[in-house]
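Visitor: I'd like to go through this one label by label. Can you tell me what stands behind each word as we go?

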Amino acid sequence: MGEQLVMFETAKLAKEKGFNIKTQWVLYRGVSTVGYSSYKDNSDYLLQPTQSLLQKWLREIHNINIDIETLQKEKKIVYGYDLVYTIETLHVKSSKERFKTYEQALEDSLQEALRLTKE
């Protein structure tokens with residue numbers, strides 16, 4: 001199983017927040033395509049990182065750590081997350097929503113973390 005690429009909305013937020021690491025995948029008008037060489041720095045193209053690359057960027061550049069939690073709810077496994085970050089003091093923000101998959105929880109946490117960053 002390969003790494004999960006971020007969704008369009010997450011890629012758009014990442015670009016707005018300054019993510020500019022070359023990736024194998026780009027989104028052209030909302031459709032994934034291979035090849036950074038075809039990327040042009042305009043509004044039609046968005047870099048499409050993997051979830052793990054964007055998570056690493058948030059941790060290293062913005063000091064936001066994402067912790068995915070595995071929980072049990074009504075005899076089923078569900079996922080949540082905590083964002084741990086510093087803005088003058090240490091903060092923890094936990095998800096109120098529960099997700100069916102790890103990847104859904106990670107995608108939501110990436111969007112939430114991006115909203116916390118400054119450009």
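Visitor: Why is tyrosine 102 called partly exposed?

Guide: Its relative accessible area is 37%. Buried means under 20%, exposed means over 50%, and partly exposed is what lies in between (1.4 Å probe, protein chains only). With 37%, tyrosine 102 lands in the middle class, so partly exposed is the right label. Keep in mind that this is a predicted model, where local features need pLDDT of at least 70, side-chain atom pairs count only at pLDDT 80 or more, and totals for chains, interfaces and linings use all residues. Residues are numbered from 1 along each chain as its sequence is written, and side-chain values use heavy atoms, with hydrogens and water left out.

Visitor: And what makes tyrosine 79 count as buried?

Guide: Tyrosine 79 comes out at 17% relative accessibility, so it falls under the 20% limit.

Visitor: How many aromatic pairs are there, and what makes tyrosine 79 and tyrosine 102 one of them?

Guide: The structure holds four. Rings of Phe, Tyr and Trp (its six-membered ring) pair if their centres lie within 6.5 Å; planes under 30 degrees apart are stacked, over 60 edge-to-face, and the rest tilted. Tyrosine 79 and tyrosine 102 sit 6.1 Å centre to centre with 80 degrees between the planes, so they pair, and edge-to-face it is. The two rings come from distant parts of the chain, 23 residues apart: tyrosine 79 in strand β5 (residues 76-87), tyrosine 102 in helix α3. Those names are for DSSP runs numbered from the N terminus: helices are H or I with at least four residues, strands E with at least two.

Visitor: Why is the pair of tyrosine 81 and phenylalanine 99 called stacked?

Guide: Here the planes are 25 degrees apart and the centres 6.3 Å, so both values pass the tests for a stacked pair. This pair also links distant parts of the chain, 18 residues apart, with tyrosine 81 in strand β5 and phenylalanine 99 in the loop between β6 (89-94) and α3. Tyrosine 81 is buried at 4%, and phenylalanine 99 counts as buried at 7%.

Visitor: On to α2. How do you know its length is close to what's expected?

Guide: The expected span is 1.5 Å times one less than the number of residues. Helix α2 (residues 51-62) has 12 residues and reaches 16 Å from first C-alpha to last, close to the expected 16 Å. α3, with 15 residues, reaches 21 Å, close to its expected 21 Å.

Visitor: Which residues of α2 are buried?

Guide: Gln51, Leu54, Gln55, Trp57, Leu58 and His62. They cover an arc of only 160 degrees around the axis, which puts them on the same side of α2; the arc is that of the directions from the helix axis to the C-beta atoms. An α-helix has 3.6 residues a turn, so residues three or four places apart point the same way.

Visitor: A glutamine on that list? Why is glutamine 55 called buried?

Guide: Its relative accessible area is 16%, so it clears the cut-off. Leaving aside residues up to four places away in sequence, glutamine 55 touches Ile66, Leu106 and Leu110, where contact means heavy atoms within 4.5 Å. What covers the buried residues of α2 includes α1 (8-16), β4 (64-73) and α3 (102-116).

Visitor: Now the sheets. What makes β2 and β3 edge strands?

Guide: Three strands form an open antiparallel sheet in the order β2-β1-β3. β2 (31-34) and β3 (45-47) each have a single partner strand, so one side of each is left without a neighbour in the sheet. Two strands pair if DSSP finds at least two bridges between them. Strand β1 (residues 25-28) and β2 have four, so they qualify. One of the partnerships joins tryptophan 25 to valine 34 in β2.

Visitor: How do you know that β4 and β5 pair?

Guide: They share 10 bridges in the antiparallel sense, so the test of at least two is met. Aspartate 67, for one, has aspartate 82 in β5 as its bridge partner. α3 packs on this sheet, touching β4, β5 and β6, and its direction makes about 20 degrees with that of β5. Axes are lines fitted to C-alpha atoms, for helices over the stretch in contact, and angles run from 0 to 180 degrees between N-to-C directions.
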